[in-house]
Amino acid sequence: MKKINWGIIGLGKIANKFANDLAEVEDAKLYAVASRNREKAEEFALNHQAELAYGAYSQLIEDANIDVIYIATPHIFHYELTLECLKNGKAVLCEKPFAMNTGQALEMIKVSRSKNVFLMEALWTKFLPHFEFAEEKLKSGEMGKIKSIKADFGFKAEFDETKRLFNKSLGGGSLLDIGIYPVFLAYSLLGMPEEIQASAEFSETGVDSSCQIRFKYTGQVQAELYSTFKEKTPTIAEIELEKGKMIINERFHEPTSVTIIEEGKEETKEFGVQTTGYYFEAAHVGRMLTQGKTESDQWSLDHTKDLMQLLDKIREQIGLEY
């Protein structure tokens, strides 16, 4: 089977983790990397055995040998870079959040579909074994229907107005950076809510340092969601069901364990993941490309559109504009 040649644009921490995991994916090869800093690209290429290092994104995008490009830049650049890749016929795995707003996301989706070029949001949690197990267990109905969800994601971030987390010009704020994970979890398990209530605390740079969100569904079902840069939180997901409770343990968005509490018994299931966890989404993209798919059959572009719409509605309520 032909190896799939990957390119990576944006060479920060996530790109390093992704490249490490990509090396474990059968039939995948890191072919080229690109940074606006040529030396950084060369060092990254050396560390991860990539054949080529580019000092300009356009050079990588125009390389005819690359099959798919992983975009790992700050999210303000996702829209522009994804469109450039798609227009050059390059499949794209774009890091979350997919775009800065629904308008951008819809344009990205439109170009992907019109050109029949693969595009997927890199929401790695969707492909992790523990999350797939949780989804299957919940869908089976053996523990009854979901009554409520609580999910949080918080860490103490040192305030620096020049760095991405607090910099409004770089799309900073807790909602888009980490709040997306609790929102994704509630959407994945319960779908689109009937009502959204949200409030936030803001940093002096005008981005949310904390965000509290409540999704309301029919039958008094609710999801309480929280993100913050002000403190370390448990970062777990608690799912109350008619016949028990499921806890996706710390940190729920990355490889972890799942605890099932049912009929007075408690059992924790481990999944023995040997990589950081990016392996699973990378392997999935490879399968989709090999099968000639232009969208994921697990995390479609319609799912991405829904998630982007939810983030927009939350931002509208808390008064966060970019």
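Is Arg315 buried or exposed? In this predicted model, Arg315 has a relative accessible area of 10%, and because the cut-off for a buried residue is under 20%, Arg315 counts as buried. The residue sits in helix α9, which covers residues 301-318. Leaving aside residues up to four places away in sequence, the contacts of Arg315 are Met100, Asn101, Leu175, Leu320, Glu321 and Tyr322. Helix α9 itself lies across strands β8 and β9 (208-216), and runs at about 55° to β8.

Strand β8 leads to a sheet. This open sheet has 8 strands in the order β8-β9-β10-β7-β11-β12-β13-β14, and the pairing is mixed. Its edges are β8 (195-202) and β14, each of which pairs on one side only. Between neighbouring strands of this sheet the average turn is 10°, direction ignored. Helix α6 packs on this sheet, where α6 touches β7 (146-154), β11 (237-241), β12 (244-248), β13 and β14. The direction of α6 makes about 165° with that of β12.

At the β14 edge, strand β13 (residues 258-262) is joined to β14 by 5 bridges, and the two strands run antiparallel. Among the bridge partners, Ile260 is matched with Glu267 of β14, and Thr259 with Thr268 of β14. The two strands form a hairpin with 2 residues between them. In the turn, Glu263 has a positive phi of about 50°. How many of the 5 residues of strand β14 are buried? The number is 0, so strand β14 (residues 265-269) lies largely in the open.

Helix α6 also has a helical neighbour. The axes of α6 (residues 129-140) and α7 (residues 174-190) come within 10 Å and cross at roughly 35°. This crossing of α6 and α7 is right-handed. On the α6 side the contact is made by Phe131, Glu135 and Leu138, and on the α7 side by Phe184, Leu185, Ser188 and Leu189. By residue class, the contact of α6 with α7 divides into 5 nonpolar, 1 polar and 1 charged.

The UniProt record, an unreviewed entry, places the feature "domain: GFO/IDH/MocA-like oxidoreductase" at residues 134-245. Over residues 134-245 the chain is 21% helix and 36% strand. The end C-alpha atoms of this stretch are 11 Å apart.

Another sheet remains to be described. It is an open sheet of 6 strands, ordered β3-β2-β1-β4-β5-β6, and its pairing is parallel. The edge strands are β3 (52-54) and β6 (119-122), and each pairs on one side only. Neighbouring strands of this sheet are turned against each other by 25° on average, direction ignored. In general, the strands of a sheet pair through backbone hydrogen bonds, either parallel or antiparallel. At the β6 edge, strand β5 (residues 91-95) runs parallel to β6 and is joined to it by 4 bridges. One of the residues involved is Leu93, whose bridge partner in β6 is Met120.

Which helix packs on this sheet, touching β1, β4, β5 and β6? Helix α8 (residues 278-290) does so, with contacts to β1 (4-9), β4 (68-71), β5 and β6. The direction of α8 makes about 130° with that of β1.

Definitions and conventions
Residues are numbered from 1 along each chain as its sequence is written. This is a predicted model: local features need pLDDT of at least 70, side-chain atom pairs count only at pLDDT 80 or more; totals for chains, interfaces and linings use all residues. Side-chain values use heavy atoms; hydrogens and water are left out. Buried means under 20% relative accessible area, exposed over 50%, partly exposed in between (1.4 Å probe, protein chains only). Contact means heavy atoms within 4.5 Å. UniProt positions are given in the numbering used here, feature names are shortened, and annotations may be inferred rather than shown by experiment. Two strands pair if DSSP finds at least two bridges between them. Axes are lines fitted to C-alpha atoms, for helices over the stretch in contact, and angles run from 0 to 180 degrees between N-to-C directions. A crossing is left-handed if the near helix is turned anticlockwise from the far one by less than a right angle, and right-handed if clockwise. Ala, Val, Leu, Ile, Met, Phe, Trp, Tyr, Cys and Pro count as nonpolar, Asp, Glu, Lys and Arg as charged, and the others, Gly among them, as polar.
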